[in-house]
Amino acid sequence: MYKCKPERNPKQAMLLLLCSILLIIGTFSLGILWEEYKGAINLAAMFIVAIAIYIIIRFTMTEMEYTLADGTFIITKIVGNKRTDQGALDLAEAIDLVTKEEYKAKGYNKTYNNFFNYSQNLGGKHWFFVVGFAGKRAVIEFEPNDPFVAIMKDEIEKAKKEPHSQPPHEGPGGGILI
């Protein structure tokens, strides 16, 4: 079993928090300055608060963990002490594992049915796992480190060469995604 947990970017988290606070204060201030539009501006400010809370939780409080075990790629989301498996995909169903540049160059960004982003930082070095899932093509964006990528590529090759000795996962696509 191999695990990878991306490192959090603390500067990014602080920048997101600071920008959210400034945007909220600025919007409520506009409501004070433009009295005739106060209701609409305050409504917009509340919408911005909701978006800011989502962004802060998504990119500062949420962690992702990637695991390779028994020919399966497992994605786990961690928020506080709560761990939730987000997906388990059979590596034998893999189509490709590529960088962002290769993803665009090979045209995968135009030929997928489902796209899932399981990265915890904005920017950085993200990888794209293209996989057959439920008879369609799914793309998983995630941010593993270089040793994990090398191990995953080896595990994909092994899984494709070996006959399936384990029972297939639920569903026709060889995996489960949430």
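Partly exposed denotes a relative accessible area between the buried limit of under 20% and the exposed limit of over 50%. By that criterion lysine 125, with a relative accessible area of 48%, is partly exposed.

**Figure 1. Confidence of the predicted model.** The structure shown is a predicted model. Mean pLDDT over the chain is 85, and 91% of the residues reach 70 or more. Residues 166-174 stay under a pLDDT of 50. For this stretch the model has 18 contacts beyond four places in sequence.

**Figure 2. Salt bridge between lysine 125 and aspartate 146.** The closest N and O atoms of lysine 125 and aspartate 146 are 3.4 Å apart. Lysine 125 belongs to the loop between β6 and β7, and aspartate 146 to helix α4 (residues 146-161), so the salt bridge ties together parts that are 21 residues apart in sequence. Lysine 125 is partly exposed at a relative accessible area of 48%. Aspartate 146 is also partly exposed, with 47% relative accessibility. The structure holds six salt bridges, and the pair of lysine 125 and aspartate 146 is one such bridge.

**Figure 3. Salt bridge between glutamate 65 and arginine 83, and its network.** The closest N and O atoms of glutamate 65 and arginine 83 are 2.4 Å apart. Glutamate 65 is part of strand β2 (residues 62-69) and arginine 83 of strand β4 (residues 82-90), so their salt bridge ties together parts that are 18 residues apart in sequence. Glutamate 65 has a relative accessible area of 9% and is buried. Arginine 83, by contrast, is partly exposed, with a relative accessible area of 46%. Lys3 joins Glu65 and Arg83 in a network of salt bridges.

**Figure 4. Strand β5 and its pairing with β7.** Of the six residues of strand β5 (residues 94-99), five are buried, so the strand is largely enclosed by the rest of the structure. Strand β5 runs antiparallel to strand β7 (residues 127-133), and five bridges join the two. Within this pairing, leucine 97 is placed opposite phenylalanine 129 of β7.

**Figure 5. Salt bridge between aspartate 96 and lysine 106.** Aspartate 96 and lysine 106 form a salt bridge in which the closest N and O atoms are 2.8 Å apart. Aspartate 96 is located in strand β5, and lysine 106 in the loop between α3 (100-105) and β6 (114-117), so the pair ties together parts that are ten residues apart in sequence. Aspartate 96 counts as buried, at 16% relative accessibility. Lysine 106 counts as partly exposed, at 49%.

**Figure 6. Methionine 1 and its contacts.** Methionine 1 is located in the segment before β1 (2-4). The residue is exposed, with a relative accessible area of 70%. Leaving aside residues up to four places away in sequence, methionine 1 touches Thr67, Leu68 and Ala69. The C-alpha atoms of methionine 1 and glutamate 63 are 19 Å apart in space, and the two residues are 62 residues apart in sequence.

**Figure 7. Backbone of aspartate 70.** Aspartate 70 sits in the loop between β2 and β3 (72-79). Its phi angle is near 50 degrees, a positive value in a residue other than glycine. Aspartate 70 is exposed, with a relative accessible area of 66%.

**Figure 8. Nonpolar surface patch with Ile25.** Four residues, Met14, Leu17, Ile21 and Ile25, form a nonpolar patch on the surface. Together they have about 370 Å² of accessible area. Isoleucine 25 lies in helix α1 (residues 10-33).

**Figure 9. Proline 10 and asparagine 121.** Proline 10 lies in helix α1. At 55% relative accessibility, this proline counts as exposed. Proline 10 and asparagine 121 have their C-alpha atoms 9.7 Å apart, at 111 residues apart in sequence.

**Figure 10. Phenylalanine 47 and isoleucine 24.** Phenylalanine 47 lies in helix α2 (residues 38-61). The residue counts as exposed, at 58% relative accessibility. Between the C-alpha atoms of phenylalanine 47 and isoleucine 24 the separation is 9.6 Å, and the two residues are 23 residues apart along the chain.

Key:
Residues numbered from 1 in each chain as written. Predicted model: local features only at pLDDT ≥ 70, side-chain atom pairs only at ≥ 80, totals over all residues. Heavy atoms only, no water. Patch = residues over 30% accessible without salt bridge, like charges linked within 9 Å, V, L, I, M, F, W, Y side chains within 5 Å. Areas by Shrake-Rupley, 256 points an atom, 1.4 Å probe, with all protein chains shown as cover. Salt bridge = Lys/Arg side-chain N within 4 Å of Asp/Glu carboxyl O. Helix = DSSP H or I, 4+ residues; strand = E, 2+ residues; numbered from the N terminus. pLDDT = per-residue confidence, 0-100. Contact = heavy atoms within 4.5 Å. Buried < 20%, exposed > 50% of the residue type's maximum accessible area, 1.4 Å probe, protein only. Pairing = 2+ DSSP bridges.
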